[in-house]
Structures are given as C-alpha cells and as structure tokens.
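Visitor: I would like to go through this structure with you and ask, at each step, what a given label rests on. Could you show it to me before we begin?

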Amino acid sequence: MKTDIYLGIDMGSTGLKAVAFAAGSGATLAAAGGALPYRQLPQGGCELAADAIEAALARALQGVMEQLGARARDIRALSCTGHGAGLYLLDEQGRLLGARAVASTDQRAAARARALGDRLGDALYDEVGCRPWSGQSSMIAAELLGGDPALRDRARHLLFAKDYLAFLLTGEIATDASDASTAGLLALRGGGWSPMAFEAAGLADLGARAPAPIMAAGEVIGRVSAGAAAAFGLPAGVPVAMGAIDLLASLRAVGAERQGHAVAVLGTWCVNAVVAPVREPKPEVGAIVSFGDPARRLYLENSPSSMANVAWAARALQFADAAAVVECAMSEPLGAEGLRFLPFINGGNWPAGASAGFVGLQAHHTRAHLARAVVDGVAAWHAWHLKRLAERGLGAPGRVAALGGGARDRRMAQLLAGFLGHAVERCGDDETGARGAAGYAALSQGQDAADCLPAPCERVEPDPRQQAAHRDFYAHFHSVVDSLAPAFGHLAGAAR
C-alpha cells in the first residue's frame, strides 16, 4: 500500500536540512543538508549570502529527491521552519536586500538594543512581549539601514528564514504569527503588526510598507512553481504550507505544545520554552510569543548561545567538531577541577552585557578541562532558564524534554537532568524542527501531525551517585555568574 510522504525543511543558525517522513510511522525516509557558510564580520556581524541559501536549499532538496527516487511522487505537501528574527528584507524584485541575510546571532546592534531597552524596555514588553535584543529584525535593520537612505528605500518585504525559503519555492510573500512575535514586532493584544515596535526602532516607514501578510501555520501558501521545481528538483505543484518558527515546530513535533511541558533546545541558541495559557499580569520571563492561539502563549527563557559555545571551543581548541569537544569533556569529572566557563560566546540577555570567558584557570588545566568547563556551563545555563520558568508556574512540574544537536549525546541530557534534579525526555532525533515542519504540511492536508508523524523519545534519569555534586556545582556556578555582573557591565561599556 502506498504511504504518503511529508517533507520538512529546516533552516537553522548553522545549517539547512530537508527531511522526508512517512505518514503513520513517522519514519525518516530521506534526509540531506549541510552547513550554511555564515560570514563572521567585525563588531559581531553574522551574514549569509543569498546565493549560498539557494545553493544549500538545492543541495538539500536534490539529495532528498535522489534518495526517494520514484517515491518522490508520494510527497503530499511540504513546509518550512527556521531560526527566528535576523533580517530577511526583499527589494521590489524579490531579491534579498544587499544580496544577503543577517543571522539572529548578529551582535552589531547590541548597544542600540541596550539603549532602547533603557528607554522603552518595559513599554515594549507590555506591547509585544519582549524587550529589545541585538538579533531582532528591527534592531538589525535600524543599525544597517539607518545610515543608508537609498538602501532603506529599496526595502519592500520583511520576511523570516522559513518565509524566504517558501518564497523561493512558491514566489508567495507571507509569514506567521510565531515568527513576527518572536521578533518583537507583533502586538500581543489584537495580534497585528505593532506600529509602536517599528516606531521605537526608528523604522515607522518600514513598518508601514514591509511587513508580510500573516497566515495560520498549516495553511497552504501556494505550490511549488515550475521554476522552483527545475532549480531544486521537486515535483511541480506540491502544496507548500505555512510553517512556524523552529522552536514551536520542535515543540509540536515532540508533543510539548499539546502536553504543556517545557523543552530545552540545545542548539546554537540556549532556548528554553513552554506553551501555557495566557496569563495577566504577564509573568516576568525572557519573552512571550503569540502564535495565533488566543488562549495560549509561548513563554521563553533564552540566551543567544548554547551549543554555539561548544562550536567555538571546537574551533579555538582545534577539535574536529562539537561532538569531539563533548567526548573529550567527559573524560574529566564534573567541575573541571575548579574551572568555570561563562557560556555567553554570542552575548547574553542577563547579566547585562554578558560575554564569555574562563574563570579559575590555572597552570594544571588542560584542553580537556577547558572542554569540560564549556560543557558544564552550557548545561547549567539551560537549567537556570528552565528553573526560572518553573518558578513562575510555567510548564508541567518535573517535565522537560531535551532537543537539538546537543541532545544527540545522551550524556548532555543526563547532565541537564542532574542540574534540574529530575529526569528529562531526550528526543535524540535531531530533526525535530524538520519533523515539526512536516507536521504543518500534514496539517494542511487534514492530518493530525501527532498521530501522523510521531517522534522517538527516551527518558533519561540523573546519575544518583552525583546528586550532591550536581547540586553543589549548580549553586557555585550561578554564584560566580552573579558576582561577575558588575564586571560584565564594565566590559560592555569599554567596548562601546
């Protein structure tokens, strides 16, 4: 009997992948993709050339089509997901402005975001659910376009990563609420684009003409065009459904959106989130995201870097890759003999002006100790965010799922469980973003994604022998971060 296939495309902060899933079993039938060649620029810039995006999309889709062979005709629909915020501005001809996109890890607008936060942070939190941060679309646009009126005048369409992929496939301009809200550009009351957010950034003109129409996730945007079929190897006419930001897609893939438990995404960003009922007054969290459900919100506790710290360590300490960093780290005991790493390689939302560094470094420490300190710091900072959510009554008590590339290694999930003091569900399938996107494709065809594309998970218990050690390390680590808050402020001021 023929099995329907749903295709999910995920454009993250480091790579782009396409995955084909079998309806019913949820089995992965084909997967392809690779790293995206982001360019690291002075002052913390991080950009990606337009032709590099198209080339990566072509490689991923052509790879999947080659693996599927004749079964490609069974693809019923596809959808896209991707990292939030960043800057994807199109001109009148539908080309990326300046022939490049900007990643959400870009730091060039950090000083601008801090200054705006000092003036209007509370008002913006009330209006759109978050305070200014450097990777927001509005902050990046203000920083890069403010001094170039001609370039600014050419901006016509504001999209996000997933929407740009859908545009390449269909030629249609649209976005969804989750991406617009994550970027701090959607009013929580009423659900429309927020003039206040654009005006606060000095972009009232852009706010009046550039925001895309908002569609519901799972709604068909259009179909794969003949040109896109030829360029990317897909069958022409396949329905393309609106997706959602990668975090929400991942929550949906593992059932967390429906069950209401928290997730920790051990990816480039340190993402920790839970879907819960709307609460007023608003709980004080990192961000509150509207995703089109009037009764629920996505509550976030995030920092700009999680496994990005491990990727940095791989480059700086000359490991083969991030997996090799973790492998080496686990050869040393928890705590790295007194060495601590501050996991803010791409900055942090708290403490103000946070940056990365080692504390307690001594002559006897080796590369393995450095690796262990990085891994410990990443897991401890996820636990800090998750505990903040729990303290505010958000999420099912004692229920956390670990997703993302870091969760591929069971030891990372167990370390997180140790700091939390309870088991975590490890969804070692690192394609949860793509699986969630495929779920929106299935939804567009009248299917229930939870039944149609179930995700594999396992329960990981903390190591009972290290209960006291994990508790003591966690307390000490966070006392170190707290004590360094003034130093972060001084360093941030010196960098201006």
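Visitor: What makes β2 and β3 a hairpin, and which residue in the turn has a positive phi?

Guide: In this predicted model, β2 and β3 form a hairpin with 5 residues between them, and Gly24 in the turn has a positive phi of about 100°. Two strands count as paired if there are at least two bridges between them, and β2 and strand β3 (residues 28-35) pair in the antiparallel sense over 7 bridges. Among these partners, Phe21 is matched with Thr28 in β3.

Visitor: How do you know that β1 and β2 pair, and in which sense do they run?

Guide: The requirement is at least two bridges, and 7 bridges join strand β1 (residues 5-11) to β2, the two running antiparallel. Gly8 stands opposite Val19 in β2, and the hairpin that β1 and β2 form has 3 residues between them.

Visitor: Why is β2 called largely enclosed?

Guide: A residue is buried when its relative accessible area is under 20%; 7 of the 8 residues of strand β2 (residues 15-22) are buried, so β2 is largely enclosed by the rest of the structure.

Visitor: What is the strand order of the open sheet that contains β12, and what makes a strand in it an edge strand?

Guide: The open sheet has 7 strands in the order β14-β15-β13-β12-β18-β19-β20, with mixed pairing. Its edge strands are β14 (287-289) and β20 (458-460), each of which pairs on one side only. From one strand to the next, the twist averages 30°.

Visitor: How do you know that the pairing around β12 is of both kinds, parallel and antiparallel?

Guide: β12 pairs with β13 in the antiparallel sense over 4 bridges, whereas β12 and strand β18 (residues 400-403) pair in the parallel sense, also over 4 bridges. With a threshold of at least two bridges, each of these counts as strand pairing. On the β13 side, Ala264 stands opposite Asn272 and the bridge partner of Leu266 is Cys270, while in β18 the partner of Val265 is Leu403. A hairpin of 3 residues joins β12 to β13.

Visitor: Why is β12 described as enclosed, and what covers its two faces?

Guide: 5 of the 5 residues of β12 are buried, so this strand is largely enclosed by the rest of the structure. Ala262, Ala264 and Leu266 on one side, and Val263 and Val265 on the other, are all buried, and both faces are thus covered.

Visitor: Why is the contact between Cys427 and Cys457 called a disulfide, and why is it right-handed or left-handed?

Guide: The sulfur atoms must lie within 2.5 Å of each other, and for Cys427 and Cys457 the S to S distance is 2.2 Å, so the pair qualifies as a disulfide. The torsion about their S-S bond is about 85°, so the disulfide is right-handed. Cys427 lies in the loop between β19 (424-426) and α16 (432-444) and Cys457 in the loop between α17 (449-452) and β20, so the bond ties together parts that are 30 residues apart in sequence. A search of the whole structure finds 1 disulfide.

Visitor: Are the two cysteines buried or exposed, and how do you know?

Guide: Cys427 has a relative accessibility of 1% and therefore counts as buried, since the limit is under 20%. Cys457, with a relative accessible area of 37%, is partly exposed, because that label covers values between 20% and 50%.

Visitor: What makes the pair of Trp133 and Trp269 edge-to-face?

Guide: Ring centres must lie within 6.5 Å, and planes over 60 degrees apart count as edge-to-face; Trp133 and Trp269 are 5.4 Å apart centre to centre, with 75° between the planes, so the label applies. Both residues are buried.

Visitor: Why, then, is the pair of Phe473 and Phe477 stacked?

Guide: Planes under 30 degrees apart count as stacked, and Phe473 and Phe477 have 20° between the planes at 5.8 Å centre to centre, so this pair is stacked. Both lie in helix α18 (residues 467-483), 4 residues apart, about one turn of the helix. Phe473, with a relative accessible area of 5%, is buried, and Phe477, at 1%, is buried too.

Definitions and conventions
Residues numbered from 1 in each chain as written. Predicted model: local features only at pLDDT ≥ 70, side-chain atom pairs only at ≥ 80, totals over all residues. Heavy atoms only, no water. Phe/Tyr/Trp six-rings, centres within 6.5 Å; stacked < 30°, edge-to-face > 60°. Buried < 20%, exposed > 50% of the residue type's maximum accessible area, 1.4 Å probe, protein only. Axes fitted to C-alpha atoms, helices over the stretch in contact; angles between N-to-C directions.
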